[in-house]
Amino acid sequence: MKKVIYSQFPKAEIAALPVVEFTGRIVVVFTEAEAEKAVDFLLSQPRLGIDTETRPSFKPGRQHRVSLLQVSTDEICFLFRLNMMGMTPAIIRLLENTDVPMIGLSLHDDLLSLKRRTTFNPGHFIDLQDMVGDLGIEDLSLQKLYANLFGQKISKRQQLSNWNADVLNEKQKLYAATDAWACLQLHREICRLRDSRDFELVKESVQSE
């Protein structure tokens, strides 16, 4: 039986879906030395999921610098506290690497935020928003894409929390890791469906009863 996916997944149906969370190991990186070790490990992996978090600003015209860079494999996610250590040489080495693909969503915004901290030449990045059109999917948000392809909900409750806090709480860490990890899962499934064509596209949004 072919997998059913939708050109536009109905937002109203997301609330009823089971929540998905990263179940692997989460490592918070505070120092340049820790970043060196983390990046050495990450650059030995076949592919990486990537995302960023920025402290929200509730004042018009005010924008904070990016606080967190999260980079994940299928089993482990590193949270780089950029607000504490800045853009270290190791982090720049990771972002400029051209061998290991770094997969994210709306990467233009993430890269722009990172470049506001320091200049670098972006390496091998893959934006999921550039891929989903091959399946006929019009949605571009992480939550809708994951709901569409996996029937699970990514919680966004921590999105507007304080990412510059001295200590990130467990919910923040799990939220950040899940977003980066989810990009890997989406990339794998999008590639599978694109290559196998083992899906049926429903072009009209499904309405909740």
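This report describes the overall build of a predicted protein model and then looks at some of its strands and one of its helices.

## Overall build

The protein contains six helices and eight strands, and, read from the N terminus on, these elements follow one another in the order β-β-α-β-β-β-α-α-β-α-β-α-α-β. The radius of gyration of the protein is 17 Å, close to the 17 Å that the globule rule gives for 209 residues, so the protein is as compact as a globular protein of that length. Taken along the principal axes, the box filled by the C-alpha atoms has dimensions of roughly 50 × 40 × 30 Å.

If one considers the contacts in the protein with a separation of 6 or more, 73% of them are made by residues that stand 24 or more positions apart.

## Surface and charge

Of the 209 residues of the protein, 51% count as buried, a word that here stands for a relative accessible area under 20%. The accessible surface of the protein amounts to about 10,600 Å², and carbon and sulfur atoms account for 49% of this surface.

Among the side chains of the protein, 26 are positive and 28 are negative, and the centres of these two sets lie 5 Å apart.

## Strand 5 and its neighbours

Where do the side chains of strand 5 point? I76, F78 and F80 point one way from the strand, while C77, L79 and R81 point the other way, and all of these residues are buried. This can be read alongside a general pattern: in a regular strand, the side chains alternate between the two faces of the sheet. Strand 5 covers residues 76-81, and six of its six residues are buried, so this strand is largely enclosed by the rest of the structure.

Strand 5 pairs with strand 2 (residues 25-29) in the parallel sense, over five bridges, and within this pairing the bridge partner of V28 is L79. Strand 4 (residues 66-72) is also joined to strand 5 by five bridges, but these two strands run antiparallel, and a hairpin of three residues leads from strand 4 to strand 5. In strand 5, L79 stands opposite Q70, and F80 stands opposite L69.

## Strand 4 and strand 3

Strand 4 has seven residues, and seven of the seven are buried, so strand 4 too is largely enclosed by the rest of the structure. Besides its antiparallel pairing with strand 5, strand 4 is joined by six bridges to strand 3 (residues 48-54), and these two strands likewise run antiparallel. One of the bridge partners here is S72 in strand 4, which is matched with G49.

## Helix 5

Is helix 5 largely enclosed or largely open? Seven of the nine residues of this helix (residues 142-150) are buried, so helix 5 is largely enclosed by the rest of the structure. The buried residues in helix 5 are L142, Q143, L145, Y146, A147, N148 and L149, and the elements that cover them include strand 1 (3-6) and helix 6 (170-196).

After helix 5 comes G151, a residue whose phi is positive, with a value near 65°.

Conventions: Residues numbered from 1 in each chain as written. Predicted model: local features only at pLDDT ≥ 70, side-chain atom pairs only at ≥ 80, totals over all residues. Heavy atoms only, no water. Helix = DSSP H or I, 4+ residues; strand = E, 2+ residues; numbered from the N terminus. Rg over C-alpha atoms; globule rule 2.2 N^0.38 Å. Buried < 20%, exposed > 50% of the residue type's maximum accessible area, 1.4 Å probe, protein only. Contact = heavy atoms within 4.5 Å. Areas by Shrake-Rupley, 256 points an atom, 1.4 Å probe, with all protein chains shown as cover. Lys, Arg positive; Asp, Glu negative; His and termini not counted. Charge placed at Lys NZ, Arg CZ, Asp CG, Glu CD. Pairing = 2+ DSSP bridges.
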